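User: I am new to this structure and would be grateful for a close look at its aromatic side chains. Please describe how the rings are arranged and what surrounds them.

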Amino acid sequence: MERRLAALEERLAQCQDQSSRHAAELRDFKNKMLPLLEVAEKERETLRTEADTISGRVDRLEREVDYLETQNPALPCVELDEKVTGGPGAKGKGRRNEKYDMVTDCSYTISQVKSMKILKRFGGSAGLWTKDPLGPAEKIYVLDGTQNDTAFVFPRLRDFTLAMAARKASRIRVPFPWVGTGQLVYGGFLYYARRPPGGPGGGGELENTLQLIKFHLANRTVVDSSVFPAESLIPPYGLTVDTYIDLAADEEGLWAVYATREDDRHLCLAKLDPQTLDTEQQWDTPCPRENAEAAFVICGTLYVVYNTRPASRARIQCSFDASGTLAPERAALSYFPRRYGAHASLRYNPRERQLYAWDDGYQIVYKLEMKKKEEEV
């Protein structure tokens, strides 16, 4: 037992020696690493400071660019000879190029596109998403593609933003596929353009016609249809060639943006009766088709958005007030916030004063800052 105890004591002494040696080595390693860690921490703080400085410079540069764009906007698209003569094609039938009599007291115009929020990416590069300005405030309608017959309906915006949103959406199928991205949800109805056999681009007897459909979303039936009273229709937007008529809604009601071969350089605007689809008034605007990608109407004023190909920063460069209250040269011509893309559609919601945009498959919300039309903008 004594020999065994002596051997155990010897082993314990060896373990203590090894532990003391390892502890000394660990202390030496720690003493060597502490200065290196202090240097690394200083370098990390330096890099963080430089990154913050660069970020601040970038933000300041973007603010300066925004300021310069605000102070030096693109020249308004006003052609004086057309303004004096009443515009091209002024010999149209019915009430054409007459001043529009406002039915509401709406007198606002855009001061600037204040901010944007990218919700998600859903569907293809072209499509439409919107709310019904006269319907439930939360319900979202999504119409993907330029030739389709199925619309997605989401009960709330949060449901639309989920990863597997399409599985939880209800689907509404229309009897005739729509053409382009000019559809509109208004007052519980889906208004859209249908290309009948032989319609625009199809040849045949109906080469120059386009049919408007009024579809009841709750009953899922077509309640009315009408041939749009314009001949030789062509795409109104030079950068969105699949759309032949773009429907819009504002505080005043239902509008249509279109173009014809009679004047293939400029856009036309029409006021529609949402009940009967009749055309109440028409105007030849001074806004060019070239490089236009989308448009919307606020308080009876048409705002046209322009871009380039390849896509760059979109801008509101032309406006036309059907009531004649706002002169084009006094309208605020502003840029969209810090995004370089192409709008396939823009839908204004008068209840929220927001734009719902489809930008290369991304769904975006733009908040607008408004001013009175009689104020200097």
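Analyst: In this predicted model, a charged group and an aromatic ring offer a starting point: the charged end of K120 sits over the ring of F160, 5.2 Å from the centre of that ring. F160 in turn belongs to one aromatic cluster, which it forms with F122, W129, F152, F154 and Y356. A further lysine is placed over a ring elsewhere, for K372 lies over the face of Y108 at 4.7 Å from the ring centre.

Turning to contacts between rings, a search of the whole structure finds 13 aromatic pairs. One of them is formed by Y100 and W283, an edge-to-face pair with 6.1 Å from centre to centre and 80° between the planes. This pair links distant parts of the chain, 183 residues apart: Y100 is in the loop between α2 (80-85) and β1 (108-121), whereas W283 is in strand β14 (residues 279-288). Y100 has a relative accessible area of 6% and is therefore buried, since the limit is under 20%. W283 also counts as buried, at 1% relative accessibility.

W283 takes part in another aromatic pair, with W255; this one is tilted, with 5.9 Å centre to centre and 35° between the planes. Because W255 lies in strand β12 (residues 253-260) and W283 in strand β14, the pair ties together parts that are 28 residues apart in sequence. W255 counts as buried as well, at 0% relative accessibility. W283 thus pairs with Y100 in an edge-to-face manner and with W255 in a tilted one.

How values were computed: Residues numbered from 1 in each chain as written. Predicted model: local features only at pLDDT ≥ 70, side-chain atom pairs only at ≥ 80, totals over all residues. Heavy atoms only, no water. Phe/Tyr/Trp six-rings, centres within 6.5 Å; stacked < 30°, edge-to-face > 60°. Helix = DSSP H or I, 4+ residues; strand = E, 2+ residues; numbered from the N terminus. Buried < 20%, exposed > 50% of the residue type's maximum accessible area, 1.4 Å probe, protein only. Lys NZ or Arg CZ within 6 Å of the ring centre and 35° of its normal.
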